[in-house]
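Q: I should like to learn how to read a protein model one feature at a time. Where should a beginner start?

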Amino acid sequence: MAFPWLHYSTFDDETLQNFDSETDASSILSFPDYRALAGQGFAPWQGSHACRLRLSGTATAALTETGDWDTAAAGRIFTWFPVCIGADLTLAAGDTVILASLDSAGPVSEAVVGVRNNGGVYELFAGETGATNTLPITRSNKRWYQIELDTLIDSGVPNDGTIDFYVDGAPVGAQITGPDQAAITQFRLGAVSGTAAGNS
């Protein structure tokens with residue numbers, strides 16, 4: 001049987017693997033092994049390594065893949081990844097951090113997943129550019145959430161794209177309809193945007 005994925009990365013060789021590039025001017029992104037993670041009460045979701053972000057104020061960092069997520073107008077693509085939101089995550093009320101973004105040229109975010117502090121309640125969210133569908137979560141070093149986006153890219157006329165957001169296999173909210181999207185040219189994973197003073 002053919003390998004079913006356009007892109008697959010585990011970070012088990014302590015590198016960005018199949019991603020094309022890493023942008024991390026403040027050194028907040030790394031690929032620690034099980035031993036390093038265990039010292040902080042973490043463990044990889046699978047294998048021996050993980051991609052870790054340590055938020056630090058306004059610093060951003062991301063892995064970028066410029067080929068595997070390419071999706072033309074009216075095309076459809078599925079994106080799946082696990083994420084652990086550590087117990088020590090601190091965002092000010094109202095702060096929103098984009099963790100993953102399907103981008104058109106620019107880059108312009110066309111479908112995003114992130115985490116936010118909604119008046120003291122931490123939530124995972126998805127939308128075209130921000131929080132449209134949300135799910136309250138527990139910050140925990142032991143809890144992994146399985147994230148999936150089913151994204152149909154806008155055909156151009158009218159705005160007929162859709163985004164379906166799933167966590168742990170269950171839909172979160174209704175299908176997001178009406179995105180005004182351009183063709184996808186890249187995918188970013190990390191602390192893509194939205195980081196603010198005091199985030200840690």
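A: Let us start with the vocabulary: helices (H or I, at least four residues) and strands (E, at least two) are DSSP runs, numbered from the N terminus. The model shown is a predicted one.

Q: How many helices and strands are there in the chain?

A: The chain holds one helix and 14 strands. The segment before strand E1 (21-23) includes Glu14, and Ala197 belongs to the segment after E14.

Q: How does one judge the overall form, and what is the radius of gyration of the chain?

A: One compares the value with that expected for a compact globule with the given number of residues. For 200 residues that expectation is near 16 Å, and the chain has 16 Å, so the two agree. Along the principal axes, the C-alpha atoms fill a box of roughly 50 × 45 × 35 Å.

Q: What percentage of the residues is buried?

A: A residue is called buried at under 20% relative accessible area and exposed at over 50%. Of the 200 residues in the chain, 47% are buried. The accessible surface of the chain is about 9,400 Å², and carbon and sulfur atoms supply 52% of that surface.

Q: What share of the contacts links residues 24 or more positions apart?

A: Contact means heavy atoms within 4.5 Å. Among contacts in the chain with a separation of 6 or more, 62% are between residues 24 or more positions apart.

Q: How many positive and negative side chains does the chain have?

A: There are 9 positive side chains and 23 negative ones. The centres of these two sets are 12 Å apart.

Q: Let us turn to strands. Which strands pair with E14?

A: The general idea is that two strands pair if at least two bridges are found between them. Strand E4 (residues 61-65) runs antiparallel to E14 and is joined to it by five bridges. Within this pairing, Glu65 has Phe187 as its bridge partner. Strand E6 (residues 96-104) also pairs with E14, in the antiparallel sense and over five bridges; here Ser101 stands opposite Arg188.

Q: Is strand E14 mostly covered or mostly open?

A: In a regular strand, side chains alternate between the two faces of the sheet. Strand E14 (residues 186-193) is mostly covered, with seven of its eight residues buried.

Q: How should I read a hairpin, and what joins E6 and E7?

A: One looks at the pairing and then at the turn. E6 and E7 are antiparallel, with eight bridges between them, among them the one in which Asp103 is partnered by Ser109. Three residues separate the two strands of this hairpin, and Gly106 in the turn has a positive phi of about 145°.

Q: Which residue in the turn between E7 and E8 has a positive phi?

A: That residue is Gly119, with phi of about 60°, in a hairpin that has two residues between its strands. E7 runs antiparallel to strand E8 (residues 121-127), and seven bridges join them; Asn118 is partnered there by Val121. E7 itself is mostly covered, since nine of its 11 residues are buried.

Q: What is usual for phi and for the peptide bond?

A: Most residues other than glycine have a negative phi, and most peptide bonds are trans.

Q: Where are there cis peptide bonds in this chain?

A: One runs from Gly106 to Pro107, with omega near 0°, and Pro107 sits in the loop between E6 and strand E7 (108-118). Another runs from Val157 to Pro158, with omega near -15°. Pro158 is placed in the loop between strand E10 (144-152) and strand E11 (162-167).

Q: What is the phi of Glu14, and what is that of Asp168?

A: Glu14 is not a glycine, yet its phi is positive, about 60°. Asp168 likewise has a positive phi, near 55°. Asp168 lies in the loop between E11 and strand E12 (170-171), and its relative accessible area of 37% makes it partly exposed.

Q: Finally, which residues does Ala197 touch?

A: Leaving aside residues up to four places away in sequence, Ala197 touches Gly57 and Thr58. Its C-alpha atom is 10.0 Å from that of Leu55, although Ala197 and Leu55 are 142 residues apart along the chain. Ala197 counts as exposed because its relative accessibility is 64%.

Note on methods:
Residues are numbered from 1 along each chain as its sequence is written. This is a predicted model: local features need pLDDT of at least 70, side-chain atom pairs count only at pLDDT 80 or more; totals for chains, interfaces and linings use all residues. Side-chain values use heavy atoms; hydrogens and water are left out. Buried means under 20% relative accessible area, exposed over 50%, partly exposed in between (1.4 Å probe, protein chains only). The radius of gyration is taken over C-alpha atoms; the globule rule is 2.2 Å times the number of residues to the power 0.38. Accessible areas come from the Shrake-Rupley method with a 1.4 Å probe; for residues, only the protein chains shown count as cover. Lys and Arg count as positive and Asp and Glu as negative; His and the chain ends are not counted. The place of a charge is taken as NZ of Lys, CZ of Arg, CG of Asp or CD of Glu.
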